[in-house]
Amino acid sequence: MNLTETGRFAWQGVTANKTRSALTTLGVLIGVAAVIILVAVGTGSSRAVQDSIGALGSNTLTITASASGSGGFPGGGGGGFPGGPFAGADTTTSQNATSSRAAELTMADAEALATSDEADHVLGLAPVVNATSVTATFEGAAHDVNTFTGTTPAYLAIDNTEVRYGSAFTDEDYTAHRRVALLGQTVAEELAGSDVSSIVGKMVSFNGFQFEVVGVLAEKGSTGPQDSDDRVIAPATSVQDTLSGYGALSSISVKATSAEDVSAAQNEVQALLDARHDVSSANRDYSVTSASSILEAATSSNETFTVLLGAVAAISLLVGGIGVMNIMLVTVTERTREIGIRKAVGASRSDIIGQFLAEAVLLSLFGGVVGVAAGLIGSRFTIVGVQPVVAPYSVVLAFGVAILIGLFFGLYPANRAAALRPIEALRYE
């Protein structure tokens, strides 16, 4: 019996009971679609994290205070830096403190890093002060700001942030403690509606303090539930005057001269801060993280997450294969007499095996094709805040596994059918 005849008999066997065949293929369909969609969700989540971290730049460093260590603070003082990049900022510290102190970063630390001749691989840096629980109000509209950042004009370049409407604040605004602000797209829309440019030049109240909006930032998008555009950036001096007080810095953002120089810049930063804080690598009271290291860790974590999602979906595909075998066993039992007649008129063992294997593969093939279509359609919708990204390998893998499942789970019923003796099969009622 040639392939054409085998296919024709297989098609007749599958379509003889359309409802049962449809329900059987449904299990394979769901399994294939689940693999494609869940892997797409994992890939999309990974892509979103990579884009979010990559937006910071591959050559950025973030210095934050750490409670893991403490040290003295010789030479840490200074009450201001006239004419320097941090002029006008309150950098109050204990000038002569040599005993243990709470872990903190100060404007003096930022100034030391910015002016040091030993930081050849540091292109720029910006101190960061974060104000919390800030509510913006404008002409009757109110919005709770997710992130309110006080910093210097250099921060925009370090953070790869652009101004879409208006202009950025200047060094003069910083040193003069001017109350000016840059609004993220979300904040601007919540306060001014769709015409976000109209708020430029207007006064907005933040917890009762009036700031002039000098610009609206370009959109950065969202990472899952985290909205990167729900933020405000203002001079650190004016933020300290009004919203945060003159305490320690939240962090210091550093930009290396290139992505290749990140390690060198990190070593230089650590050497300078170790000397200022009188600490060593064993008891540092600060930590330095790079965007590239965060990206590597996030990528590794998301790859594991994607594999787990794919494994869970593969279980449903396996269950679909078991359903195929179950139906094929039922089919063999129902068609015992037919098998006996075919063998009596000369059908060989390979003909019987080929027919029933073809039926099993046909069920899996149909389920695989429709499952791929369902998976591709389902991946076009946002799921749990993530825009799925279809991985081509998942489509090929899911479809291929569906066919292999048809072969694997159809082999036993096919062999069972071929093993029937013609006389016993003909006597079967």
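## Rings, a greasy patch and one helix

L26 sits in helix α2, which covers residues 18-54. This is a predicted model, so treat what follows as a reading of computed coordinates. With a relative accessibility of 39%, L26 counts as partly exposed. Together with L23 and I30, L26 makes up a nonpolar patch on the surface, and the three share about 290 Å² of accessible area.

Now for the aromatics. How many aromatic pairs does a search of the whole structure find? The search turns up four. One of them joins F148 and F211: the ring centres are 6.2 Å apart and the planes sit at 75°, so this pair is edge-to-face. F148 belongs to strand β5 (residues 147-151) and F211 to strand β9 (residues 209-217), so the pair ties together parts that are 63 residues apart in sequence. Are these two rings' residues buried or exposed? F148 comes out buried at 1% relative accessibility, and F211 is buried too, at 0%.

Then there's the pair formed by F408 and F409. Here the centres are 5.0 Å apart and the planes stand at 90°, so this one is also edge-to-face. The burial of the two partners is split: F408 counts as exposed, at 60% relative accessibility, whereas F409 is buried, with a relative accessible area of 8%.

Here are the two pairs side by side:

| Pair | Centre distance | Plane angle |
|---|---|---|
| F148 and F211 | 6.2 Å | 75° |
| F408 and F409 | 5.0 Å | 90° |

Back to F148 and F211 for a moment: ring pairs link both of them with F206 into a cluster.

Finally, helix α8. This helix runs over residues 262-277, so 16 residues in total, and spans 22 Å from its first C-alpha to its last, close to the 22 Å expected at 1.5 Å a residue. Which residues of α8 are buried? The list is V262, A265, Q266, E268, V269, Q270, L272, L273, D274, R276 and H277. Charged and polar names such as E268, Q270, D274 and R276 appear there alongside V269, L272 and L273. An α-helix has 3.6 residues a turn, so residues three or four places apart point the same way.

What covers the buried residues of α8? The cover includes strands β1 (60-65), β2 (122-131), β13 (251-256) and β14 (286-290), plus helix α3 (107-115). Right after α8 comes D278, whose phi is positive, near 55°.

Terms used. Residues are numbered from 1 along each chain as its sequence is written. This is a predicted model: local features need pLDDT of at least 70, side-chain atom pairs count only at pLDDT 80 or more; totals for chains, interfaces and linings use all residues. Side-chain values use heavy atoms; hydrogens and water are left out. Rings of Phe, Tyr and Trp (its six-membered ring) pair if their centres lie within 6.5 Å; planes under 30 degrees apart count as stacked, over 60 as edge-to-face and the rest as tilted. Helices (H or I, at least four residues) and strands (E, at least two) are DSSP runs, numbered from the N terminus. Buried means under 20% relative accessible area, exposed over 50%, partly exposed in between (1.4 Å probe, protein chains only). Patches are made of residues with over 30% relative accessible area and no salt bridge: like charges are joined within 9 Å, nonpolar side chains (Val, Leu, Ile, Met, Phe, Trp, Tyr) within 5 Å. Accessible areas come from the Shrake-Rupley method with a 1.4 Å probe; for residues, only the protein chains shown count as cover. A salt bridge is a side-chain nitrogen of Lys or Arg within 4 Å of a carboxyl oxygen of Asp or Glu. The expected span of a helix is 1.5 Å times one less than its number of residues. Contact means heavy atoms within 4.5 Å.
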